[in-house]
Amino acid sequence: MAAMVVGALRRRGAATAGGSRFFAQSLHRFVSTLVVAEHEGGFVKPSSLSALAAAEAIGKENRVSLLLGGSGPSLHKSAEHAASSHPLVSEVLVADSDAFAHPLAEPWAELLRSVQQKGGYSHVIASSTSFGKNLLPRAAALLDVSPVTDVTSVSEPRVFVRPIYAGNALCTVRYTGQDPCMMSIRSTSFSPTEAMSETKVAPITQVDLSFLSEGSSGKSAWVDLKSQDTERPDLANARVVVTGGRGLKSAENFKLLEQLAEKLGAAVGATRAAVDAGFVPNELQVGQTGKIVAPELYMAFGVSGAIQHLAGMRDSKVIVAVNKDADAPIFQVADYGIVADLFEVLDELLKKLPDKK
């Protein structure tokens with residue numbers, strides 16, 4: 001194949017651009033991608049399905065392998081879901097071990113290195129979740145490559161668009177390093193493909209875990225997971241998000257926001273200022289150092305619109321802002337703005353909106 005490429009370039013002579021196009025087409029044929037997927041309750045998470053959409057954007061002839069780790073019935077049910085999750089999935093790799101039951105970067109990075117060394121993938125993709133952000137840099141260091149982070153668009157197999165300056169500018173970057181090209185993607189920028197019919201199912205393969213005997217437990221250990229028991233949707237994937245800022249003044253007042261979220265079937269978010277003030281836990285933080293969201297409707301109450309917060313929600317389809325300060329930066333990105341006391345607006349909304357059935 002290398003001789004074919006060289007011969008083609010010689011025949012074109014000075015037509016450098018034509019030779020570049022031929023090489024790019026050849027590169028497309030050799031694209032193979034490993035997607036590191038997250039799962040919960042027997043299903044692949046939506047953020048990982050978005051990573052599959054990013055793999056499709058890299059190349060229609062892309063050979064995609066999906067990597068799942070964990071243990072127990074939930075893992076195997078998730079593997080069955082993954083096998084029919086996308087037309088490009090050629091195989092599902094399952095690492096069945098208690099070592100991968102929790103999102104610890106050390107064992108997962110060793111797993112990723114082992115799978116990459118055996119599979120020789122040209123690309124490795126993970127979502128920009130807390131798990132992906134924790135895993136990718138460590139795994140990239142083990143493989144001696146530099147990751148491309150927060151990708152929002154794929155122009156070519158090795159040319160990507162990612163935000164810089166807290167989302168105020170977009171930068172086009174070309175990866176020029178050795179394989180694999182490791183990248184994390186913003187799940188809000190890639191729409192998952194509809195589930196395939198069950199007639200086409202990718203094979204499920206168990207990963208060789210002999211490397212675990214070498215001692216890859218690392219210097220960290222899983223202690224505990226604490227989460228709020230709520231029926232509200234997950235913040236990162238909710239269709240409607242209701243966010244409060246420091247203008248709510250107290251944790252008690254945030255309960256008004258929770259009541260509104262119950263009526264709308266929405267998730268509750270918060271600014272960093274509200275989190276730092278102790279009004280809500282930090283898992284509700286939206287922004288550059290929190291969660292990136294892009295719901296169909298984003299409602300902001302008492303949010304000034306700091307640049308770090310805007311970086312996490314500016315891709316929302318419709319933005320509604322309520323703030324008594326008419327000069328608040330949030331109004332520059334809002335589709336609808338209400339200059340009023342947020343407590344009066346919340347009170348009216350709670351009175352007028354019917355309870356969710």
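## Salt bridges and a helix crossing

The structure holds 14 salt bridges (a side-chain nitrogen of Lys or Arg within 4 Å of a carboxyl oxygen of Asp or Glu). You're looking at a predicted model, where local features need pLDDT of at least 70, side-chain atom pairs count only at pLDDT 80 or more, and totals for chains, interfaces and linings use all residues. Residues are numbered from 1 along each chain as its sequence is written, and side-chain values use heavy atoms, leaving out hydrogens and water.

**Exercise 1.** Find which residue forms a salt bridge with Lys 263, and say whether each partner is buried or exposed.

*Solution.*
- Step 1: Lys 263 pairs with Asp 355, with 2.7 Å between the closest N and O atoms.
- Step 2: The pair joins distant parts of the chain, 92 residues apart: Lys 263 lies in helix H7, Asp 355 in the segment after helix H10 (342-352). Helices here are DSSP runs (H or I, at least four residues), numbered from the N terminus.
- Step 3: With a relative accessible area of 17%, Lys 263 is buried, while Asp 355, at 58%, is exposed. The cut-offs are under 20% for buried, over 50% for exposed and in between for partly exposed (1.4 Å probe, protein chains only).

**Exercise 2.** Work out how far apart Glu 252 and Lys 255 sit in helix H7 (residues 251-264).

*Solution.*
- Step 1: Their side chains meet in a salt bridge (3.5 Å, N to O).
- Step 2: They're three residues apart in H7, so about one helical turn separates them.
- Step 3: Glu 252 is exposed at 52%, and Lys 255 is partly exposed at 43%.

Technical notes:
Helices (H or I, at least four residues) and strands (E, at least two) are DSSP runs, numbered from the N terminus.
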